[in-house]
Amino acid sequence: MALSLRENVIFNGVDLIGHIPGAHVTDIEVGNIEIEHVTSARVLRAGSLFARKRDGARTITISVELPLDERDGCMRNYNLLRNWAESEQPQPMFLPDYDGHINCVLQSISALNIKTWYEPVVLVFAAYDPYFYGIARTASIGDTFTIAGDVDVPFQIRCTLNSAVDSPSWTVDGKTTIALTGSIGVGLLVVDTERGLVTLNGDSINSQISLATRFNDIAPGTHEIEGTAGTVSWIERWK
């Protein structure tokens, strides 16, 4: 990819250039998402297997030229670079020319060669969740809202109940139904489609989910959710 004039890379809340003054990002390569196939013995027709395609991991390769003013300081700068890149868990990375952030973890870093200390150091990050994420967005139940990005997204419905409600329910675009059975008490009601979880004041009430409920992701585009008053929130994603 062509490198933006905004050459900096931010990882785990720390910008690379600020962490190592004089360093330069010489190249960034965002790999394609791996395509994984899941098969099972479920027969679709005689002699066939059920197969489903899903998105796998992707790699991000960053080449960094460390300051060239002193050979004696190359190991110190190399250790600073390694310290910047290492994390126990995937952390958000912001890249030039890409909207949002991607969660990744360091996979490898090239060794420092004393004879060729002036050559760029290559870092490879793995993003097992391969999507770029935007900021959280919110709309009111009953209002039309638009989801950007190019990946289907899960969502949350949040309702503040000031009194008990009998069998609250919601419909997505007049088709998909989310419904609860029985009386729901006072407090914060949250429907989390990503986790398949419904809580009241933080406690699970999944036993009250109706059989007709479907926790489906919603595609980019314009949508409307109708039902018990509250808000719907989501985070847009890009491949």
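Strand β21 gives the most to the lining of the largest pocket in this predicted model. Its share is four residues. The pocket itself holds about 210 Å³ of space. Its lining consists of Tyr133, Ala136, Val153, Pro154, Phe155, Gln156, Asp192, Glu194, Ser233, Trp234, Ile235 and Arg237. Two elements give two or more residues to this lining, namely β10 (132-140) and β21 (231-238). By residue class, the lining of the largest pocket divides into seven nonpolar, two polar and three charged residues.

Ser233 is one of the lining residues, and its place is in strand β21. Ser233 counts as buried because its relative accessibility is 18%, and the limit for buried is under 20%. Leaving aside neighbours within four places in sequence, Ser233 is in contact with Arg137, Thr138, Phe155 and Gln156. Of these contacts, Phe155 and Gln156 also appear in the lining of the largest pocket.

Strand β10, which also gives residues to the pocket lining, takes part in an aromatic pair as well. The structure holds five aromatic pairs. A pair of aromatic rings is described by the distance of the centres and the angle of the planes. For Tyr98 and Phe132 the centres are 4.8 Å apart and the planes make an angle of 15°, and the pair is stacked. What does this pair tie together? Tyr98 lies in the loop between β7 (91-94) and β8 (101-109), while Phe132 lies in strand β10, so the pair ties together parts that are 34 residues apart in sequence. Are the two partners buried or exposed? Phe132 counts as buried, because its relative accessibility is 1%. Tyr98, at 28% relative accessibility, counts as partly exposed.

Ring pairs also link Phe11, Trp84 and Phe125 into a cluster. Two of these residues, Phe11 and Phe125, are in contact with Ala85. Ala85 is found in helix α2 and counts as buried, because its relative accessibility is 0%. Besides Phe11 and Phe125, Ala85 touches Leu106 and Leu123, when neighbours within four places in sequence are left aside. Ala85 and Asn12 are 73 residues apart in sequence, yet their C-alpha atoms are 8.4 Å apart in space.

Helix α2 spans residues 74-85 and also holds Asn77. With a relative accessibility of 8%, Asn77 counts as buried. Apart from neighbours within four places in sequence, Asn77 is in contact with Ile20, Leu66 and Pro67.

Cys74 is buried, with a relative accessible area of 6%. Cys104 is buried too, with a relative accessible area of 0%. A search of the whole structure finds zero disulfides.

The next topic is backbone geometry. Most residues other than glycine have a negative phi, and most peptide bonds are trans. Asn12 has a positive phi, near 55°. Asn12 is found in the loop between β1 (10-11) and β2 (14-15). At 37% relative accessibility, Asn12 counts as partly exposed. Ser167 likewise has a positive phi, near 45°. The place of Ser167 is the loop between β13 (165-166) and β14 (169-172). Ser167 is partly exposed, with a relative accessible area of 41%.

Beyond that loop, Thr177 is found in strand β15, which covers residues 176-179. Is Thr177 buried, partly exposed or exposed? Thr177 counts as partly exposed, because its relative accessibility is 26%. Its contacts, neighbours within four places in sequence left aside, are Trp170, Thr171, Ala212, Thr213 and Arg214. Trp170 and Thr171 fall within the range of strand β14, residues 169-172. Thr177 and Phe215 are 38 residues apart in sequence and 8.5 Å apart in space, C-alpha to C-alpha.

How values were computed. Residues numbered from 1 in each chain as written. Predicted model: local features only at pLDDT ≥ 70, side-chain atom pairs only at ≥ 80, totals over all residues. Heavy atoms only, no water. Buried < 20%, exposed > 50% of the residue type's maximum accessible area, 1.4 Å probe, protein only. Contact = heavy atoms within 4.5 Å. 1 Å grid on protein atoms, 1.4 Å probe; cavity = no way out; pocket = protein on both sides within 12 Å on 5 of 7 lines; lining within 4 Å. Points joined across faces, edges and corners; volume = space filled by probe spheres on them. Nonpolar A, V, L, I, M, F, W, Y, C, P; charged D, E, K, R; others polar. Phe/Tyr/Trp six-rings, centres within 6.5 Å; stacked < 30°, edge-to-face > 60°. Disulfide = S-S within 2.5 Å.
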